[in-house]
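Colleague: I'd like to learn how to read helix faces, salt bridges and long-range contacts in a model. Could you walk me through them?

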Amino acid sequence: MKVGILTGGGDCPGLNAVIRAVSKALILQHGAEVVGFKDAFEGMVERRYSKLDYRDVSGILTRGGTILGTSNKANPFEYHARDGEDVSDEIVDLYRELELDGVVAIGGDGTMSICHRLQEKGVNFVGVPKTIDNDVAHTDMTFGFDTAVSIATEAIDRLHTTGQSHNRVMILETMGRYSGWIALHAGLAGGADVILLPEFPYELDEIERVCAQREDRQEFTIIAVAEGARPVGGDMTVRETDESSTDPVRLGGVGNVLKQQLESRLNSEIRTTVLGHIQRGGTPTSFDRRLATNFGAYAASLVARGSYGRMVALQDNHLTSVPLESVADTNRRVPEDSMYVASAAAVGTSFGRSDFDIEVADLGDDVPLI
Ligand code: F6P
């Protein structure tokens, strides 16, 4: 067996753990040859690849980033380095030339969409979902998310002590694109007073009410805001756009917008911290290493069984796989009946909505922990 492997889209803690698991499992259990493509699909178009031996993937379990490199400008159907030309046939040619049985692609919804289109042209893919955002459809969790949440939680913990000392309103902006999973989980773990998510547009009056009430009691306030959060009737805050990217809209800056919006309404000083790429760098948590290793070993078993055109998924604590097609260009968002939302509301956290009356009791007896 001869199998390719690549990482696509933004990097994420745990990518190396997957590369290691896929490669070691294929080499040790199936005597396969593994070929690593550099910088996502660019390596397949530009023919930048090398054989990955057992020793190449040893000692990388704990390392952040990806030893293969990655890119979000490598869509072969609109190849940015060649004026948006469709170069996908070159990938098909290389795949045949190298006599590969399949390729394991570790990426988010954009990568899965490209894999699906290439699969239709005869290139066999197994997908492995990655992203700190936790927004890939049909999987309860992606690796990288736990690490990002841990870092954001630590940031909230640290903001607590300085916020308390100065009686300030402290805003923490997290990443997450169009989903609020990082802000929700870190906000719950860090005991934020207000959590603002893209899924539930916020009312400034309600945030003012919470902060002012706390001011009256001489209390500081912690606000965890997801980068995709927006006011009712308003837009998301866009940091920049880049048409050459598979993810052209970059969100960011809502933390500072919110500070400006609140300044005239409150007496307290307000400070904003934008956590940014700190959430994506560095070593993965123990949980992410385990999830990544399980995903990688399972992906290798799909390859060995010839189950191509599918993405590894975690559903109800079971590993399974779903068609690549079902994942392509879709996002998993925080549902209003999330237990995490209900728990936060139960302990008095505001979601910046006066009409929010979600209660744990309304979720029934058997509540999925999402
Ligand atoms: O998808 C991961 C992510 O970190 C998002 O949370 C964030 O919006 C985006 O990537 C940032 O992209 P870039 O690294 O291109 O600035």
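Modeller: Happily; we will take a helix, then salt bridges, then a loop residue. This is a predicted model, in which local features need pLDDT of at least 70 and side-chain atom pairs count only at pLDDT 80 or more, while totals for chains, interfaces and linings use all residues. Residues are numbered from 1 along each chain as its sequence is written, and side-chain values use heavy atoms, with hydrogens and water left out.

Colleague: Which residues of helix α3 are buried?

Modeller: First the general idea: an α-helix has 3.6 residues a turn, so residues three or four places apart point the same way. Helices (H or I, at least four residues) and strands (E, at least two) are DSSP runs, numbered from the N terminus. Buried means under 20% relative accessible area, exposed over 50%, and partly exposed in between, with a 1.4 Å probe and protein chains only. In α3, residues 88-97, the buried ones are S88, I91, V92, L94 and Y95. Looking down the axis, these buried residues fall within an arc of 165° (taken from the directions from the helix axis to the C-beta atoms), so they line one face of α3. Exposed R96 and E97 sit on the face turned away from that buried side.

Colleague: What covers the buried residues of α3?

Modeller: The cover includes β2 (33-37), α2 (42-45), β3 (49-52), β4 (102-107) and α4 (109-119), where contact means heavy atoms within 4.5 Å.

Colleague: Now salt bridges: how many are there?

Modeller: The rule asks for a side-chain nitrogen of Lys or Arg within 4 Å of a carboxyl oxygen of Asp or Glu, and the count comes to 27. One of them joins K73 and D242, at 2.8 Å from N to O. This pair links distant parts of the chain, with K73 in the loop between β3 and α3 and D242 in the loop between β9 and β10, 169 residues apart. K73 is partly exposed at 27% relative accessibility, whereas D242 is buried at 18%. Both belong to a salt-bridge network with R239, E240 and R250.

Colleague: And where is T246 found?

Modeller: T246 is in the loop between β9 (238-241) and β10 (249-251). With a relative accessible area of 37%, T246 counts as partly exposed. Leaving out residues up to four places away in sequence, T246 touches N72, N75 and I114. The C-alpha atoms of T246 and N75 are separated by 6.6 Å, although the two residues are 171 apart along the chain.
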